[in-house]
Each structure stands twice: as C-alpha cells, then as structure tokens.
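Subject: Structure for you to look at

Hello,

Here is the structure I promised you. Please open it and keep it beside this email as you read.

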Amino acid sequence: MEEMLFYDRMQFAFTITFHYLFPQLTMGLSLIVVYFKWKFLKTNDPHYNKATHFWMRIFALNFAMGVVTGIPMEFQFGTNWAKFSELTGGIIGQTLAMEGMFSFFLESSFLGMFLFGEKILGHRWHFVTGLLICLGSWASGFLIIATHSWMQHPVGYEVLENGKFVLNNFQALFTNVWLWPSYLHNQAASLVTSSFVVAGIGAFYILWNKNVSYGKLFLKTGVVFGLISSVIVAMPTGDLLAKNVVKHQPVTFAAMEGIFHTEEKGAEIVLIGQPDVKDKKLDNKIAVPNVLSFLTYGNWDTEVKGLDQFAEDRHPTNISGLYYAYHIMVGLGTLFIGVMVLAVFQLTRKQLFQTKWLLWAFLFLMPFPYIANTTGWYTAELGRQPWLVYDLLRTADGASPTVSSGNTLFTLMGFVGLYALLGMLFAILVGKIIYQGPEPVKK
Amino acid sequence: MEFFWYIVLIGILATYLVLDGYDFGAGIIHLFFAKTEKDKKAITNAIGPFWDANEVWLIAAGGVLFYAFPTLYAASFSGFYLPLMMILWLLIFRAVGLELRGQIHNQMWEAVWDKAFGIASFLLALFFGIALGNVVRGVNLGMVNNGVATQEPHFFFLPLWNPTFSPEAAELGIIDWFTLFLGVVSVVALMIHGANWIIYKTNSSLNSQLKEVIFKMNFVLLVLVIVSLSVWHIIEKEPFHNFLDNPLLFIFPIICFVGLFGLFKVKTFKKDGTGFLFSSMFLVGGFTSTTASIFPVVLPSTNKVNPSLTIYNVANGDYALSVGVYWFAIALALVIGYFIIQYKVFNGKMDDVGYGEH
C-alpha cells in the first residue's frame, strides 16, 4: 500500500512538474506577444511585427509541449487517483470539464489561425486571434486554480453517507477566498518567467553582438514587464496567500517557516537553516527576531504557533521538503525584485545596455524563475499533505485500489523516458529558433 | 438529468470520432500510400491546422465524463490503466510527429517523424476499436473470484491480454479476438474516412488512387461488418432488445448502412466532400448503434455478483448536473462559433497553407 502510494505520487509529481515548465511560459508570453503585435498596429514599425513572429514561434513550441504533456494530467485523476475522482468528481469534475469546454476549444481553434493565418486575416484580426489565445490560456489557469483552491479550502459542498462529495453551491467555487490570491499570484509568477526569458534572450543578443536592435527591444520590454510582475507576486498576492495559510492551515505555515516550537513572545523569521525533523530544530540558523510576527499579524509580539501545537498525523508529510521549497521560492522572488529594480533604474538612466555584468546576470538568471514557480507549487502541494482535500480526505485514501505499484512504476518509467526525449527535442528546436533570431528588417 | 448528460457525452465522443478519426485515417494513408514528398506535404497540410482542435474533443469527453459520471470515470480509467497510458503515449507521438517534421530539413529527421505519425495513427485507430470492444463485452466488476468480490463493486483491473485471447474466459484481457476484431474494423473504417478527407481537402496526385482504395476497402469493411454482426450475440445476449422496444432507434443503424453503401459509389461523386459525408455517417451510425444497444448500461458486468454500471448508478448529484446545463449551453454555442470561423478561414483545398514550415 505504502509503495503503491509512493509511485502514484511520484508519477503525478514528475508529470506535473515537467508539464508546468511550459504553461508558465506560455501564459505570460502570450501577453507579451500580444503586446508586440499591439505596438506594431500603433507604430507600424516592422520591428514589432518581426518580434511578434519570433516570439510566436517560441510560444508555439512551448504551447505544443504544454498540450501533449497536459493530457496525461487529466487522465491521471482517473487512472491513478480513482478513489479521489470517485469521491470528489462531483465537484472538481465540474471545473475541469469547464476548462476543456471554455479554454481548450478557444485556444486550439485560434492557434492555427494565429500561426498560419496572418496573411488571410490581416494584422488587426491577427492581433485579435492572439488576444483570444491569451484569454484562453488565462481562463485555463483560472479553472485549474479554482480546482486547486477547492482542494486547499473546500467550499460549497456536502458529504453524503457513502463518503461522496456533492456540490450544493456553484458560485462558492468561484468566490473561494483561496482562489483570487492564488490565481493572481500564479499569473504574475508566470509573467515573471516570461519576462526573464524575454529579457534574457535580449541580453544574449546584445552580448553576442547579433540582432542587437531586437536584443535591446526584448531586454527593455522584459524588464518593464518583469518589474511590475515580480512586485505583484510578493505584494499583495504573496502576502494575502500567506495570510490565508496562517488562518486556515496553521500547521502548514509552521512547517513552511521551520517553526518547531511555538514562539509566544513573537516569532523570528528564518532566512537560512537546515531543518532537523528528528530532533525538531534548525541547524546553521540565521534569523531575524520578531519579524515573522510582524509580517503575519502586523504586530511584533504576537504568538506564532509551532509544529508542537498540532497532532503529528496532521503534520505535512515532508516537512523539510516543504521548508526548502518555500524558502527557495521566497529567496528567489526577493532576488527577482532586486534585479528588476536595478535594471529599470539603469534603463531610466539610459545605462542598461552598457551595464555588462547586468546583461550577464540576465542571461544566467533565465532558469531561476522556473525554479521559483516550481518550488512555489511544491509549497502549495506539499503544504496540503497529508490531505487531498484539506482536513477531509487523506492522500492515502485517494489512490486507485486496483492499479498495482508494478504497473505504476512501469508507466512512470515510460513517462520519464518519453519526457527525456521530448525535453531534448524541445531544447534542440528552441535553440535553433534562438540561434536564427528574429528576421532582420529590410531597409 | 443523467440522460441529458449521457446524450452530451455520446455526442462529444461521436464528434471526436468523426474529427480526430480523419486525422488517424490520414495518418494510416500517409503510412501506406504517400510515397512522394509532395503527397506527404498534401496530407499534413490537410490535417495540420485541425488536429489539435480535434483532439480537444477527446479532452472534453474526458472532462464531461469526470464531471457527469465520476464513478464511471474513476472505475474505467483505473481499470483500463495500461491501454489508456499507451493511448496517451501514442497521442504524444502522433502530435510530435506532425509538429516536428517540418522544423528541420533533413531526410532522416523527416523519415523518423513520418513513421512516428503514421504508426501512432494506425495504433490509435486500432486501440480505439479495441476500447469500444471492451465496453461492449464488459468486465469483471468488483474482480469477483469464486463468487466473492475482492474490490468495491465498480472497480476492476484488466491486463493487456490473457493466454486464451477469449472474450468468454473467466479472466478477461483488454485484447481478445472480439475486441481485436473491432480494432480491425476501426482501422479499416478510419482509413476510408481519412482518404475521404484527403480527397476533400487537397488536390494531391493521390486522390484518384485513393478513390480506388476506398472502393476496395469498402468491400472489406462490408465483410467485416457482416461478420461482426453474426458473432455479436456471443458477447451480448440480446443486442436488439432496445431497438425492438423503441423502433425509433433504428435510425442509427440506418444511418450507418446508408453511409456504408453510399461509399460504393465513390467514383461517381461530383463533389469532393460527398465521400467524407458518407464515411462520417458510417462512423456515427455504427458508434451510436453500439451504444444504443447496451443502453442504459455503460459498462456491463461479466459476473452475477455485481450489477452492470448504468448511467444511473455512476452519476453526479442532481444539483451539480443541473447547474452544468447553463455553462454547457454557453460553451457549446461558443465552440460552434469557433468551428464556423475556423472552417471559413481554412476553407477549401489546403495544399498551399504551408503547415509546419518556418
């Protein structure tokens, strides 16, 4: 049983982690692509249209990867989490079915037109198809996070005698207190990834001394979008989300912050340290006194509950994993704001393109928003453990009863192999597009 | 309410069959008949801008199944675990084959993705037929062994095959002679369907040859259909009782046979789209007749301990099902709108659309 659950969880974690590398770029990037097309319509400067085409190609490749790795996600609820699907399908099936009907049809119908239809449609309608794809992908994110929010903070349901959850309030799914902060946080974070990718490739072209005019355009656009989005990720959305966790999942909050023992006279904020779960302490700790109480409650001396206040069977199952995921996310998020502030400052002084070290920094920072997004999701998901539906349905009770661990291991190996192949192909093709660069504007 | 969502689900699946069906069929034609670069291009152009939207109907079917009949979704997806995972992998190969082929101009690269696309399409057509066979034949619900259920009454698990390949064995497998037979029917029918689509959407040099292929394969299909009807009673004891109780249902088999016989006139059609219409009729008629014959059962039980799964014992609550009608109506109107726009923009022959070229 234990082993079965382990492989079921591994397979879901692996496939969702790989899948989300792509949508986190495409959701934000669709907005930037539409922005370039809009600038072209406004200014009639062909650079903007070529920039649209260039990013459209990268978008299309990422989108295709997102689609092919996304279908296994919908299937896995039934294949590996059959008991969970049976009990909660009455509710989460609703939002997932809506995602298919409202956003996938929208995206897939207009993607072909957006990619191949510029000549047939004309620029204005080409812009509109881009906007529709952007809308579709943001709607998809919304419905997924509505599903996620219900699992974190179930609302609008009742439980029948046979253990099944049934919906009794449709609107409640969309007014869930968990939903809006999570959604905006996630979308802003997606825009951070796209901003860093756009800025990073811009910096690459400037440093390479090729396609320099595009390099400058990309870098400039990336840092402006990047500053706005990285601030929104922290304030207000990240802050609101953390306050939700404190209020509704205090045990998760304690594990995230690495608080083993209740701190009655105000809690310190841990910047660095390795949790030692067995002895219930942090090694090599660097912390600032009372700041956590202030950030959480607006008061320096308020008590913050530690893990010792909660029964052990309610503790998150992977406390150190959760602690690291959260700290990596917060650390990187802070770094992103710092870099973006500096870059915009240099931009206003007209020094950005000459600040060599900052250009190199942008080049090497490209992978990090992906790490921050991934660890952010790990924080949410590991933080929800040991529950599938918080406080109501345990993860151990949700797996498929008839699928043996051997079968799951077999398909997990299949996914690892297949995704390794897909990853390599993706790297080759995206590398080729970047190497070729945007089409130069004919004088 | 259950009945309404059952009709929706069957409608979505039938649409999927017609739309992605021509993609699979085109893939099979591509695998066996497309020899020149020009013909290969014509085929990929004919389905390129559509396959992605077509595949969404499968996702929509999965979503509606999950929402309207959660118990059926949970039971069948875990029970048919292995074949579903393989279908997922094949769908990935089909998509990658189509999308990556044009990205690099190199003979080996193109050859690899041509085969990935063709073989994946062929196997998908086979698997979907096998899947339908499994739903008709039923499974050992509750995994009853010596009269005792070892699982909850709706759960089961099937290996890919058993040593006897018999649909009547005590221990069933996904692939037996009956389901494999339906798989072959599906391959032949979709091959005809795909050929009709290519004729409809391209001016390729294959078109006249394809008409010949359709004509011949249609004979094969007719024989397969007759054989399957004559062995059907082994699997399902009273396949016609629903039709006799409610003669209106005969409309479905009639649609099916009109499609089948109509295609024998393929060489005389004036419009290139007529053949596609007939093969769509065959597919939709055949699929709906099959589901109508087991209604209201959606997954029969092969043991006497546990009852079959019907739309009534696997459905979501009434409130959830009613509230869905509102958003579904809006969504469906939008989807129809998208399709009209899409087919208007990519109207007519597709030879020069330049799909997959960068």
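H1(B) and H6(B) lie oblique to each other, because their angle of about 130° falls outside the ranges for roughly parallel, perpendicular and antiparallel. Bear in mind that this is a predicted model. H1(B) covers residues 2-32 of chain B, and H6(B) covers residues 107-137. Their axes are 8 Å apart. The crossing of H1(B) past H6(B) is left-handed.

Which residues make this contact? From H1(B) come Asp23(B), Phe24(B), Gly27(B), Ile28(B), His30(B) and Leu31(B). H6(B) answers with Phe117(B), Gly118(B), Ile119(B), Ser121(B), Phe122(B), Leu124(B) and Ala125(B). By class, that contact holds 8 nonpolar, 4 polar and 1 charged residues.

Stay with H6(B). Its next partner is H7(B), a helix of residues 177-201 in chain B. Here the packing angle is about 135°, and the axes are 7 Å apart. That makes this pair oblique too. H6(B) passes H7(B) in a right-handed crossing. On the H6(B) side, the contact includes Phe122(B), Ala125(B), Phe128(B), Gly129(B) and Arg137(B). On the H7(B) side, it includes Phe178(B), Leu182(B), Gly183(B), Val187(B) and Leu190(B). The classes here are 13 nonpolar, 6 polar and 1 charged. Look for Phe122(B) and Ala125(B) in particular: they are in the contact with H1(B), and they are in the contact with H7(B).

Now follow H7(B) onward to H11(B). The two axes come within 8 Å and cross at roughly 155°. H7(B) is therefore roughly antiparallel to H11(B), as the angle is over 145 degrees. This crossing is left-handed. In H7(B), the residues that meet H11(B) are Ala189(B), Ile192(B), His193(B), Asn196(B), Trp197(B), Ile199(B) and Tyr200(B). In H11(B), their partners are Gly275(B), Phe276(B), Ser279(B), Phe282(B) and Leu283(B). This contact has 8 nonpolar and 4 polar residues, and no charged ones.

Next, the nonpolar core. How many residues does the largest one hold? The number is 249. Trp55(A), Ala61(B), Val64(B), Leu124(B) and Ile198(B) touch the most other members. Helix H4 of chain A (residues 82-116) gives this core its largest share, 19 residues. Leu124(B) is a residue you have met already, in the contact of H1(B) with H6(B). Val64(B) touches Ala97(A) in the other chain, and Trp5(B), Val8(B), Leu9(B) and Ile12(B) in its own, leaving aside residues up to four places away in sequence.

That brings us to the two chains together. In all, 50 residues of chain A are in contact with 56 residues of chain B. On the chain A side, H3 (46-80), H4, strand E2 (165-167) and H15 (405-436) each supply at least two residues. Which element gives the most? H4(A) does, with 23 residues. The chain A side divides into 28 nonpolar, 18 polar and 4 charged residues.

Some single residues deserve a look too. Most residues other than glycine have a negative phi, and most peptide bonds are trans. Here are some exceptions.

- The peptide bond from Gln385(A) to Pro386(A) is cis, with omega near 5°. Pro386(A) sits in the loop between H14 (367-384) and E5 (387-389) of chain A.
- The bond from Phe295(B) to Pro296(B) is also cis, with omega near 0°. Pro296(B) is in the loop between H11 (274-294) and E3 (297-299) of chain B.
- Lys280(A) has a positive phi of about 55°. Its loop runs between E3 (269-276) and E4 (281-288) of chain A. Lys280(A) is partly exposed, with 13 other C-beta atoms within 10 Å.
- Asp391(A) has a positive phi near 75°. It lies in the loop between E5 and E6 (393-394) of chain A. With 12 other C-beta atoms within 10 Å, Asp391(A) counts as exposed.

Finally, find Val325(B) in helix H12 (residues 318-345) of chain B. Is it buried or exposed? Val325(B) is exposed, because 12 other C-beta atoms lie within 10 Å and the cut-off is 12 or fewer. Its C-alpha atom is separated by 9.0 Å from that of Phe4(B), although the two residues are 321 apart along the chain.

Best wishes

Methods
Residues numbered from 1 in each chain as written. Chains lettered and ligands numbered in written order. Predicted model: local features only at pLDDT ≥ 70, side-chain atom pairs only at ≥ 80, totals over all residues. Axes fitted to C-alpha atoms, helices over the stretch in contact; angles between N-to-C directions. Helix = DSSP H or I, 4+ residues; strand = E, 2+ residues; numbered from the N terminus. Parallel < 35°, antiparallel > 145°, perpendicular 65-115°, else oblique. Left-handed = near helix turned anticlockwise from the far one by under 90°. Contact = placed C-beta atoms within 7 Å. Nonpolar A, V, L, I, M, F, W, Y, C, P; charged D, E, K, R; others polar. Core = buried A, V, L, I, M, F, W, Y, C linked by C-beta atoms within 7 Å. Buried ≥ 20, exposed ≤ 12 C-beta atoms within 10 Å, placed from the backbone.
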